[in-house]
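Subject: Structure for you to look through

Hello,

Here is the structure I promised to pass on, with its sequence. Please open it first, and then read my notes below beside it.

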Amino acid sequence: MTGSADVSVQPRDHSTQGTNVALTEQPESSICPHFPFPRQDVPAEGVPWGPDHDPLGLAPHYEELGLVTRVSLSDGQEAHLVTGHAECVEVLRDETRFVRGATPGWPAPDGIRPYPTTAPTLLCMDGKQHRLIRGLAGNAFATATIHRYRPMVQTLTTRLVEDMLNTSQPVEVNQALGMPLTLGIIGAVMGVPEQDLPQFAVWGDLFLSTGPDRDDDNSRAKQEMAAYMGQAIGQRMASLDSAPPDELMTSIAARAAAHIADNPGQAEQTMTDTVIFAASLVIAGWETTAAAIASFLFRLLTHHGHDGTTLYRQLCTHPERIPTAVEELMRTIPNAAFESAQPRRAIVDTELAGVPIKAGDLVIAAIDRANRDPRTFNDPDQLDFTRAAASQHLGFGGGPHICMGAPLARLELNVVLETLTQRAPNLRLHTPPQDVQWNTATTIRRPAELWIQLR
């Protein structure tokens, strides 16, 4: 079928579909697999990539696992790794069984190695507090209202693409398109002055950094972001009548002020949560979408359909397939280095896929593997731009913590592919695919640099 391509990492053995094979059912002496598995975007030392290697593929280790498997983590703790789509949905949605925050008797499953510490952001909150802070954004990112940002997204995308077309030299996607587009849009939506946006790019990299010094980097980024945003929110709260009404930061400040007026005893905590929330929106609003732009283009330019043409050329010929292509690319391309959502903790004895989970156990939803569950996606390792079920993927998470900015990200990704395929049908990689270097400085999976030629 035109618009399809095989992107399998290794053949999946469908003879075990429907079975619940899990190491938790094996003897106590069994050795747990170590998770995360080796990253496919990082070459093994001394072993260069071959021309057919897929840096956006999943580790072959998943093929040996059942729907729920006990694994060991970097610090020696054990967790249940959940790879089934339906089971991941349960973990992400059911806060009566699985939580991100602290709960009586159990510490929050936040900052467990190798995952970064996200406190005190929204990512480690549950229940009423989570809903309250998330509600400060109102319906700014709701699917029904996101269309109002399309003219702004289209205008900036067109300008950036025109700038790229106006040079005969290769251009680097992250710097020429991904970062200026996504950071520019979220900055405009929030009301962050354009001259301050580069600093948020620096803070974002520090917040998501990996390595031995990352705790200091994470903490410094959060402190500096909070100081900046505290001043900005405070100024708007002090002069709501004259603050720009169409900026999201003004709406957030107004809702926070109203909550403080109704709950004066919670003023300090509300202000702290509001400031961190506003800063987090800027970081979350650009980093992962910018990464997706580069990764999408790498996939589209390096994989071919059954007719021998690249997937990119197929979208040039069939632009009507772009919306489904965005969903399929989200489904099959990992956006995070660890191919999973942040860990959760079971707070009651329960089970998943017949595997017992005890209260206190860590549970990790391996969403990128779940996005290839054959029970949900027919022929899941096939990239099919006509797939009816494509939007059921968990690329934006799920449940209460589903990505708030998903509708805006979808809009940006659609507009980018629409504009590029229309204006630059001859777009191609400047370097061989195996020579592309991949990001290891943060937990975001993307090409560190992706050089392309548009003419």
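A disulfide is counted here as a pair of cysteine sulfur atoms within 2.5 Å, and in general terms it is a covalent bond between the sulfur atoms of two cysteines. By this rule the count comes to 0 disulfides. Cys32 is in no disulfide, since the nearest cysteine sulfur, that of Cys88, is 18 Å away. The sulfur of Cys124 is likewise unpaired, because the closest cysteine sulfur, in Cys403, is 17 Å from it and so too far for a bond. Both cysteines count as buried (buried means under 20% relative accessible area, exposed over 50%, and partly exposed in between, with a 1.4 Å probe and protein chains only): the relative accessibility is 13% for Cys32 and 14% for Cys124.

Before going further, please keep in mind that this is a predicted model, in which local features need pLDDT of at least 70 and side-chain atom pairs count only at pLDDT 80 or more, while totals for chains, interfaces and linings use all residues. Residues are numbered from 1 along each chain as its sequence is written, and side-chain values use heavy atoms, with hydrogens and water left out.

As for the chain as a whole, it has 13 helices and 12 strands, where helices (H or I, at least four residues) and strands (E, at least two) are DSSP runs numbered from the N terminus. Of its 455 residues, 54% count as buried. The C-alpha atoms fill a box of roughly 60 × 60 × 40 Å, taken along the principal axes.

What lies inside? A nonpolar core is a set of buried Ala, Val, Leu, Ile, Met, Phe, Trp, Tyr and Cys residues joined through side-chain atoms within 4.5 Å. The largest one holds 93 residues, of which Phe141, Met229 and Ile452 touch the most other members, and its largest share, 10 residues, comes from helix 9 (residues 287-302). A second, separate core has 19 residues, among them Val355 and Leu394. If contact is taken as heavy atoms within 4.5 Å, Met229 touches Phe200, Met249, Val275, Ala278, Ala279 and Val282, not counting residues up to four places away in sequence.

Helix 2 (residues 127-134) makes a good example to study, with Gly127, His130 and Ile133 as its buried residues. Seen down the helix axis, these fall within an arc of 135 degrees, so they line one face of helix 2; the arc is that of the directions from the helix axis to the C-beta atoms. The buried residues of helix 2 pack against helix 8 (267-284), whereas the face turned away from the buried side carries the exposed residues Lys128 and Arg131.

Finally, some details of the backbone deserve a look, given that most residues other than glycine have a negative phi, and most peptide bonds are trans. The peptide bond from Phe35 to Pro36 is cis, with omega near 5 degrees, and Pro36 is found in the loop between strand 1 (4-6) and strand 2 (68-72). The bond from Arg113 to Pro114 is also cis, with omega near 10 degrees, and Pro114 lies in the loop between strand 4 (98-99) and helix 2. Ala353 is not a glycine, yet has a positive phi of about 50 degrees, and at 16% relative accessibility Ala353 counts as buried. Asp379 too has a positive phi of about 50 degrees, but Asp379 is partly exposed, with a relative accessible area of 45%.

Best wishes
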